[in-house]
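Student: Please take a close look at one part of this model, the interface between its two lettered chains. What holds the two sides together on paper, and which elements take part?

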Amino acid sequence: MSNVLVLVDHAAGAVRKTTAELLTIARRLGDPVAVFIGEGVSEALPALGQYGAVKVIALSNPELGQFLVAPKAEALAQVAAKVEPSAILISSNAEGKEIAARLAVKLDSGLITDAVDVEAGDGGPVTTQSVFAGNFTVQAKVTHGTPIITVKPNAATPEAAQTSPEVEEFDVTISDTAKTAKIVESKPREATGRPELTEAAIIVSGGRGTGGDFGPIEAFADSLGAAVGASRAAVDSGWYPHAYQVGQTGKTVSPQLYVAAGISGAIQHRAGMQTSKTIIAINKDPEAPIFELVDFGVVGDLHKVLPTATEEVTKRKS
Amino acid sequence: MKIVVCAKFVPDATADRRFRSEDNTVDRAGVDGLLSELDEYAVETALTVKEAGGSEDGEVTVLTVGPEQAADAVKKGLQMGADAGVHVLDDAIHGSDAVATSLILAKALAKLEADLVVFGMGSTDGGMGVVPAMVSERLGLPAVTLGSEVTVEGQTVRIRRDGDTASETIEGTLPLVLSVSDQANEPRYPSFKGIMAAKKKPVETWSLADLELTADQVGGSSAWTEVVEVTARPARTAGTIVTDDDGSGAAELVEFLSTNKFL
């Protein structure tokens, strides 16, 4: 079988769920080889083995963390030159896409971003993407070089396939050119205790209809173990931080369940959440365009509906 | 300082966008186009940097690659206050993917001898957001991306950005590739004066030959990705909608969650 490189997405060795998804997809295409950049590979090893990595290539050059993505792309290009993979899979977040972009130029290869599914095809992987605010589904393939594919969270359900991968240390050479943009300060975002917006299975989002009070949104989200999102209107009003904005100019999300509360459903917002598997909306205005998308809708005041629903969910769960 | 904004002409996101059946590329003829909304933040950033610098020789050029109508994207930039425009126009470009587009842009930027290259965070059509990094890679220049606050002092460009896990400050030295998010500023509207002045500003049209590129390096025939199938999403079947007149909305909502195994 051919090797498929998977760039591990992790925080100090804590492997993100997206990596389990990538490994699951990689197994459809060949033997997954995990590339781990940074500190904490031993902490990461059990999770990588659980989802079928046949080998883990570890890169711990300290310069890799300090200088943004250019050195990581260089490192990955060097690994690819040695392993000669049949495909490279990377998480479709801001950093992942930037690494993939540089890698495509370095390896003289085609790049597909934001895949929501990847399957093996006759001439290499065939990807599925959702475009134009979810109005079209596009299937595509890479026709030149090593297929480089960034995959969106929730594109696959992680399936365990236990292996005992060996760790191979890999020494990289980082060029001076790659060291020209530097992180001079980094403040970790305050932990909310909620799941990451982009990888959450359930998201509860609030918009203009909250009137600035996100309390009912957060409480309902917590009762469901969900992440909290916000519409651009809510973010522009200063009611919720930009990091939580869902939409074309914020984050695109694709959870199992999306609950839009007090969100009318402007095209830009729809572009960011339309591929959610199940959609629920709560809005006072029966004419709100969001109702065209829903599987279930409540025409009503979120300030009345959500607190009662939160109570009921908590009761049923306990 | 020579500031170049890379701007994309895109089909209007509020219109009925579709694909051409013959080659699965975006149908640009059937839909009105405009300067990608996200590139307005880039134009504004360029103008602000120029104005803040107060240097006599500061110049903002809007660069676009695209069909005839893409000249409108350049025009919008000029109306906002940019000084000059360059439109790379060549029939052979149709069907270029991001990798090929980045090659064309890199050649044009080298020819323009740009000190600062400004991009929006992504286009509102393809939405890949990868071209700034590709151009930076090709030109061997540093890239600071997705800035929500941008300052330029002398040769140093500093941005702040909010990532998924951290809020960072990133620094680089000119010449440099910059991309800005929609949090960076409030793009100005063209004034009447700006609209009139734009008509007199120089716009150059360059062909592939002007960039020492050949047709086989770009376009659909050399795109390294291929769209094999396009499917319009079937109309969503109408969902259940209840009205919370009597306070039963919450109970029905929870029942839906329970039936669909979300609890």
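Tutor: Here is the interface, from its extent down to single residue pairs. Keep in mind that the model is predicted.

Start with the extent. On the chain B side, 71 residues are in contact, and they meet 82 residues of chain A. The area buried between the two chains is about 6700 Å². Carbon and sulfur atoms give 60% of that area.

Next, the polar part. The rule finds 26 residue pairs in polar contact across the interface, with both residues at pLDDT 80 or more. It also finds four salt bridges between chain B and chain A. One salt bridge joins the side chains of Lys106(A) and Glu137(B), at 2.7 Å from N to O.

Now the elements of chain B that touch chain A. Those that supply at least two residues each include three helices: H1 (37–53), H4 (131–139) and H6 (249–259). Strands do so too: E7 (143–147), E10 (166–173), E13 (225–232) and E14 (240–243). H6(B) gives the largest share of this side, with nine residues. By class, the chain B side has 32 nonpolar residues, 21 polar and 18 charged.

Finally, the strand pairing. Strand E13 of chain A, residues 182–188, is joined to E10(B) by six bridges. The two strands run antiparallel. Within this pairing, Ile183(A) stands opposite Ile170(B) of E10(B). E10(B) thus appears twice here: it supplies at least two residues to the side that touches chain A, and it pairs with a strand of chain A.

Note on methods:
Residues are numbered from 1 along each chain as its sequence is written. Chains are lettered from A and ligands numbered from 1 in the order in which they are written. This is a predicted model: local features need pLDDT of at least 70, side-chain atom pairs count only at pLDDT 80 or more; totals for chains, interfaces and linings use all residues. Side-chain values use heavy atoms; hydrogens and water are left out. Contact means heavy atoms within 4.5 Å. Buried area is the accessible area (1.4 Å probe) that two parts lose on being put together, summed over both. A polar contact is a pair of N or O atoms within 3.5 Å; within protein, one must be able to donate a hydrogen and the other to accept it, and residues adjacent in sequence count only if both atoms are side-chain atoms. Helices (H or I, at least four residues) and strands (E, at least two) are DSSP runs, numbered from the N terminus. Ala, Val, Leu, Ile, Met, Phe, Trp, Tyr, Cys and Pro count as nonpolar, Asp, Glu, Lys and Arg as charged, and the others, Gly among them, as polar. Two strands pair if DSSP finds at least two bridges between them.
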